[in-house]
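Colleague: Could you take me through the sheets of this model, with the criteria behind each term?

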Amino acid sequence: MMLKNIKIHLVLSALLVLVYSCADDEGNYDYSEINEVHATGILESYTAYTGEKLTIKPDLNLTQDDNSDPDRYTYEWAAVNTAKLVMESKTVIGTDKNFDAELKLPPAKYLVYYFVKDKVTGVTWQHTPFTLNVVSSIYEGWLVIGDVNGKPRLDMISMLPGIETPRIITDVLDATGSSLKLTGKAVDVECFNQPISSPLIYGVYVTTTENGTARLDPDSFGWTLSQNLAYETVGGSLPTNFGVDFMKSTGFGENLIYSKGDIYYFYRVLQVKYGLPQNKLESETKTFYAAPFIAENGGSLGTPVFYDQNARRFVRYTTSKGTCSPMPPVAASDNSLDWNDTHADLVYMTTSGFNQNENFAVLKSTITGKYHLLRFSKALAQVYYKEILNAPDFDKATKFAVSPDSGYLFYAVGGKLYEYDNGTRSAKLMLDKGSEEITYIDCNLRANKLYNKKLIVGSYGTTGKLELYTVPPVNGDLVLDYSYSGLCKIVDVAYRAR
């Protein structure tokens, strides 16, 4: 009790000393006014999209300066995300008098502070903070990966709710302030739905030759190293910079990936992660070199099909076992193919949206050099096998696609696009882009209903262009529905759905 009383007396004594000191000091100082800086012309609140240019031009009222020295002041615009910890919340977004730049902030609500420092007086003046609502500009749309001047770049054709005209965002990773910096060569971009309705596990994957395969935050495109595909494996069985050549989604949360002759499998529902290569027959001890195509064919609800490139044979994959087995026997005829001894190289294979998701394969005979088209059902029944005839420059084709409406096989050679009708067994020239190169064609069944049956064509002249066409029946001319230019030289395209 005595100690407590002593403490109280000490505090009171200190206060009395302070009061008397102030009273005795009254009138001992000469005060002089200094230059004051007051900013006007800044609103209380702004709303802008990520990657969008925002312009704010404040008027500075100076009490003792004629503004003859433009270098007298320094400036800082600081955005504070109030939902984050103090050490992580502040981002300097500008250092000029006016703010006139693209917003590279993740979607959030920010308080923005405007500071002006007078270098003569050393005083920093702070304007009343204003609210900045940063809205996602990457809500939905086409993701396009390609190269510009030999360097990889990810662009986006952004579809925003309530806005009719899409926004083209070049270098969307830079525009959104993502920490992922692409290097090497562009390889692949994919977007996958997952079985659980959560944005945290929606799959947006970007691949380059040097970065490997990275998973982006689906709403901000943020990235850390732990988001690389290698961290979705069993016990870190793949290197950190592991990269795919392509990915296939067989259903919600079920993926097959291909990399350098090997195929891996992932199924979230059953907690199956990427691990050992799946391109191995259960009766054999070694993996085979898989051709760079996968017919996903329904995944666990069907039977995915791979192609053994060295033995030149089709194999069926059993997801529950994690191994492959020979294809079912086929009665020999002129209109059937021996699955297990094709005497042919696989040129192209895909599961299409045509006729209840038929599978299409193009093969080149190692004996005759002729090309054949094979179609087979989800149940692995061969429904069509014939030589491809009357198809100009088919041997030079490297890009293929199958229309989900008509089953037409499209192929590109240079700047020309052909449509092959396996009924008439002839091809029709559909597009001739002259000196431009067609770098990409596909039909994306994972896009929304407005686009999932369109033929997608990527071309390159001085810049990249993405076009979407309706494919009419009876070999009618293509109908151009959408065209977007100013893009990278397109390597791959995916649709970020909602």
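**Two open sheets**

Modeller: In strand 19, the bridge partner of Y258 is I263. This is a predicted model, in which local features need pLDDT of at least 70, side-chain atom pairs count only at pLDDT 80 or more, and totals for chains, interfaces and linings use all residues. Residues are numbered from 1 along each chain as its sequence is written, and side-chain values use heavy atoms, with hydrogens and water left out.

Colleague: Over how many bridges do strand 18 and strand 19 pair?

Modeller: Strands are DSSP runs of E with at least two residues, numbered from the N terminus, and two of them pair if DSSP finds at least two bridges between them. Strand 18 covers residues 254–259. Its pairing with strand 19 is antiparallel, and the number of bridges is six.

Colleague: Which strands stand at the edges of the sheet with the order 17-18-19?

Modeller: The three strands form an open sheet with antiparallel pairing. Each edge strand has a single partner strand, so one side of each is left without a neighbour in the sheet; these are strand 17 (246–251) and strand 19 (262–267).

Colleague: In the sheet of four strands, what stands opposite E437 in strand 32?

Modeller: That open sheet has the order 31-32-33-34 and antiparallel pairing. Strand 31 (437–442) is at one edge and strand 34 (479–487) at the other. Five bridges join strand 31 to strand 32, residues 455–460, and the residue opposite E437 is Y460.
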